[in-house]
Amino acid sequence: MHNQIREVLAAHGRMAVDPHEVDDQADLYELGLTSHASVDVMLALEDEFDIEFPEEVLKKSTFASVHNIAQVVEGLVKLSA
Amino acid sequence: MTESLGKATITVTIPGEVDGRRVRVGCDVAAIDEVQESLATFGDRYLRKVFTASEISDCEGRNQVPRLAARFAAKEAVIKAFAEPDMPFPWREMEVTRDGPLPLLRLSGTLAERAQHQGWLSSSLSLSHADCHAMAVVVVVCSPVE
């Protein structure tokens with residue numbers, strides 16, 4: 001899952017660094033992820049994992065790190081299973 | 001406030017209130033090419049996820065993309081004015097409406113409740129854009145600190 005998330009970040013995150021090289025806990029906003037790019041990342045994650053992000057997870061911290069994204073996506077994948 | 005008479009240095013911590021009413025400001029910029037790319041990649045899904053039907057309608061026409069970018073910047077400016085980064089911010093609960101030439105902010109749902117809890121009394125919104133970026137500033141006046 002973490003690799004899929006990194007692929008999505010590479011395609012849509014517009015980050016200043018290669019997402020494949022960043023630590024799970026690294027602050028993605030510090031590495032160039034903008035609020036608007038996080039919308040694209042969210043939409044692409046919905047496509048990738050066949051999920052939908054509910055409003056209660058639409059917060060800055062959800063997209064702050066690969067670890068945080070993975071936690072939220074894992075939860076949504078379980079819910080949709 | 002501190003004063004140093006020898007060097008005539010004065011340091012002032014400016015209070016974040018006017019006549020006892022707290023004032024909050026939020027601002028943001030959005031890159032127009034990012035909005036253009038999101039539209040090209042995700043189309044209506046992007047629009048419906050971020051903007052209300054009224055906003056989508058207001059932005060139709062030749063300047064659709066910069067108008068959408070300005071509204072996205074407005075939503076991010078509002079998030080900053082709330083100063084609670086860990087709370088959820090459903091984008092469509094923050095809506096830019098118009099009163100003639102003036103943009104207005106309308107909150108709904110959980111964000112309207114949160115604004116009420118924070119004592120928001122009134123807001124003023126300003127939008128602008130150039131070829132590359134759009135920007136927004138929101139000023140919020142809150143009830144006096146109790």
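**Exercise 1. Decide whether Glu55(B) is buried or exposed, and find its surroundings.**

Step 1. Count its surroundings: Glu55(B) has 24 other C-beta atoms within 10 Å, so Glu55(B) is buried. The cut-offs are these: buried takes 20 or more other C-beta atoms within 10 Å of a residue's own, exposed takes 12 or fewer, and partly exposed lies in between, with C-beta atoms placed from the backbone.

A note on the source: this is a predicted model, where local features need pLDDT of at least 70, side-chain atom pairs count only at pLDDT 80 or more, and totals for chains, interfaces and linings use all residues. Residues are numbered from 1 along each chain as its sequence is written, while chains are lettered from A and ligands numbered from 1 in the order in which they are written.

Step 2. Place the residue. Glu55(B) sits in helix H2 (residues 53-58) of chain B. Helices (H or I, at least four residues) and strands (E, at least two) are DSSP runs, numbered from the N terminus.

Step 3. List its contacts. Neighbours within four places in sequence are left aside; Glu55(B) then touches Arg71(B), Glu95(B) and Val96(B). Contact means that the C-beta atoms, placed from the backbone, lie within 7 Å.

Step 4. Check one distance. Glu55(B) and Lys75(B) are 20 residues apart along the chain, and 12 Å separates their C-alpha atoms.

**Exercise 2. Describe how H1(B) and H3(B) cross, and which residues meet.**

Step 1. Take the axes. Those of H1 (residues 32-50) and H3 (residues 64-82) of chain B come within 10 Å and cross at roughly 75°. Axes are lines fitted to C-alpha atoms, for helices over the stretch in contact, and angles run from 0 to 180 degrees between N-to-C directions.

Step 2. Name the angle. H1(B) is therefore roughly perpendicular to H3(B). Roughly perpendicular covers 65 to 115 degrees; under 35 is roughly parallel, over 145 roughly antiparallel, and the rest oblique.

Step 3. Find the residues. From H1(B) come Ile32(B), Val35(B), Gln36(B), Leu39(B) and Val50(B); from H3(B) come Val65(B), Pro66(B), Leu68(B), Ala69(B) and Phe72(B).

Step 4. Sort them. This contact has 9 nonpolar, 1 polar and no charged residues. Ala, Val, Leu, Ile, Met, Phe, Trp, Tyr, Cys and Pro count as nonpolar, Asp, Glu, Lys and Arg as charged, and the others, Gly among them, as polar.

**Exercise 3. Work out the strand order of the 4-stranded open sheet in chain B.**

Step 1. Count bridges. S4 (residues 21-31) and S8 (residues 133-144) of chain B share 10 and run antiparallel. S7 (residues 120-129) of chain B joins S8(B) through 9, also antiparallel. Two strands pair if DSSP finds at least two bridges between them.

Step 2. Locate Ala134(B). Ala30(B) stands opposite Ala134(B) in S8(B). Ala134(B) is also the bridge partner of His129(B).

Step 3. Look at the turn. S7(B) and S8(B) form a hairpin, with 3 residues between them.

Step 4. Write the order. It is S3-S4-S8-S7 in chain B, with antiparallel pairing. S3 (17-18) and S7 of chain B are the edge strands, each pairing on one side only.

Step 5. Add the helix. H3(B) lies across S4, S7 and S8 of chain B, at about 145° to S4(B).

**Exercise 4. Summarise chain A and its contact with chain B.**

Step 1. Chain A has 3 helices and 0 strands.

Step 2. Of its 81 residues, 31% count as buried.

Step 3. At the interface, 14 residues of chain A contact 19 of chain B. The chain A side has 5 nonpolar, 3 polar and 6 charged residues.

Definitions and conventions. Contact = placed C-beta atoms within 7 Å.
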